[in-house]
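Here is a walk through one model, going from a central helix out to the sheet, the cores and a few odd backbone spots. Keep the viewer open while you read.

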Amino acid sequence: MTEPLHPKIFSGPISFLKSAPQLQFLPDPTVPEIAFAGRSNVGKSSLINALTGRNGLARTSNTPGRTQELNFFDIGDPLIFRICDMPGYGFAKAPPKVVQKWRYLINDYLRGRQVLKRTFVLIDSRHGIKNTDEDVLEMLDKAAVSYRIVMTKADKVKTAALEATKAKVMAEAKKHPAAHPDLIVTSSEKKQGIDELRMAVLEAVQI
């Protein structure tokens with residue numbers, strides 16, 4: 001791409017492409033992809049909706065574990081890049097075998113997708129990095145998949161607590177070789193950090 005992508009892309013055509021329950025159903029790897037990963041109920045779908053300025057693009061639910069497949073969204077017409085909304089990991093109201101299947105799907109996609117430019121790992125501002133998050137960060141390190149940590153639901157935490165959690169998350173991120181050094185702090189409801197996230201996505205697409 002010769003010219004830098006402009007955030008106005010998110011005001012243009014964006015559409016749901018398909019859900020992939022298994023790797024053989026992935027779309028052809030013809031354009032860059034950006035993935036969003038996070039624990040169940042971390043606010044991933046809400047953040048994707050805020051990012052794209054669409055209320056109902058990604059389905060949201062109060063039931064953890066609702067997103068059970070890799071959901072792909074086409075950005076731009078003609079197509080410029082895709083967003084992949086990944087199944088939430090960790091706690092999910094589903095049988096253990098189903099949860100394990102999701103985990104394998106996530107691992108295989110992250111490790112083997114040639115067009116994947118960056119993964120944004122979402123961390124709940126109320127809880128910080130948990131063991132399940134740590135497992136995914138280590139997996140991304142081993143697979144040499146570039147990722148950046150995004151803190152969600154910042155509006156649900158008082159300022160002092162948010163700063164303390166942010167400091168802990170930043171300190172942890174520095175231990176991971178594949179992690180981007182800077183965090184993005186967001187609130188889907190208040191639209192906090194959304195412009196910064198858009199720029200980070202476009203920057204990653206053009207790597």
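## Helix α1 and what surrounds it

The buried residues of α1 pack against β1 (14–20), β2 (33–38), β4 (81–85), β5, β6 (147–152) and α5 (194–205). Packing here is read from contacts, meaning heavy atoms within 4.5 Å. Helices (H or I, at least four residues) and strands (E, at least two) are DSSP runs, numbered from the N terminus. Buried means under 20% relative accessible area, exposed over 50%, and partly exposed in between, using a 1.4 Å probe and protein chains only.

Helix α1 covers residues 44–52, and 8 of its 9 residues are buried, so it is largely enclosed by the rest of the structure. The buried set is K44, S45, L47, I48, N49, A50, L51 and T52. Just after the helix, G53 takes a positive phi of about 70°.

## Ground rules

This is a predicted model, so bear the filters in mind: local features need pLDDT of at least 70, side-chain atom pairs count only at pLDDT 80 or more, and totals for chains, interfaces and linings use all residues. Residues are numbered from 1 along each chain as its sequence is written, and side-chain values use heavy atoms, with hydrogens and water left out.

## The sheet

Seven strands would be a fair thing to look for: the 7 strands form an open sheet in the order β1-β3-β4-β2-β5-β6-β7, with mixed pairing. β1 and β7 (184–185) sit at the edges with a single partner strand each, so one side of each has no neighbour in the sheet. Two strands count as paired if DSSP finds at least two bridges between them. β5 and β6 run parallel and are joined by 6 bridges, with D124 opposite T152 in β6. Helix α3 (residues 131–143) packs on the sheet, touching β5 and β6, and its direction makes about 165° with that of β5. For that angle, axes are lines fitted to C-alpha atoms (for helices, over the stretch in contact), and angles run from 0 to 180 degrees between N-to-C directions.

β3 is worth a closer look: 6 of its 6 residues are buried, so the strand is largely enclosed by the rest of the structure. Both faces are covered, with L70, F72 and D74 buried on one side and N71, F73 and I75 on the other. β3 pairs with β1 in the antiparallel sense over 6 bridges, where F16 has F73 as its bridge partner. The pairing of β3 with β4 is also antiparallel, over 5 bridges, and N71 stands opposite D85 in β4.

## Two nonpolar cores

A nonpolar core is a set of buried Ala, Val, Leu, Ile, Met, Phe, Trp, Tyr and Cys residues joined through side-chain atoms within 4.5 Å. The largest one has 33 residues, and those with the most contacts inside it are L70, M86, Y109, L110 and L140. At least two residues each come from β2, β3 (70–75), α2 (96–112), β5, α3, β6 and α4 (159–173). Apart from this core lies another, of 28 residues, including F36, L51, A58 and A204.

## Helix α5

In α5, the buried residues are I194, L197, R198, A200, V201, L202, A204 and V205. Their cover includes β2, α1, β4, β5, β6 and β7.

## A buried arginine

How buried or exposed is R118? R118 is buried, with a relative accessible area of 7%, and lies in strand β5 (residues 116–124). Its side chain makes a polar contact with the side chain of S146 at 3.0 Å. A polar contact is a pair of N or O atoms within 3.5 Å; within protein, one must be able to donate a hydrogen and the other to accept it, and residues adjacent in sequence count only if both atoms are side-chain atoms. Not counting residues up to four places away in sequence, R118 touches a set that includes E33, Y147, H180, E203 and I207.

## Backbone oddities

Most residues other than glycine have a negative phi, and most peptide bonds are trans. N41, in the loop between β2 and α1, has a positive phi near 70° and counts as partly exposed at 37% relative accessibility. K191 also has a positive phi, near 65°, and sits in the loop between β7 and α5.

The peptide bond from D77 to P78 is cis, with omega near 10°; P78 lies in the loop between β3 and β4. In that hairpin, with 5 residues between the strands, G76 takes a positive phi near 95°.
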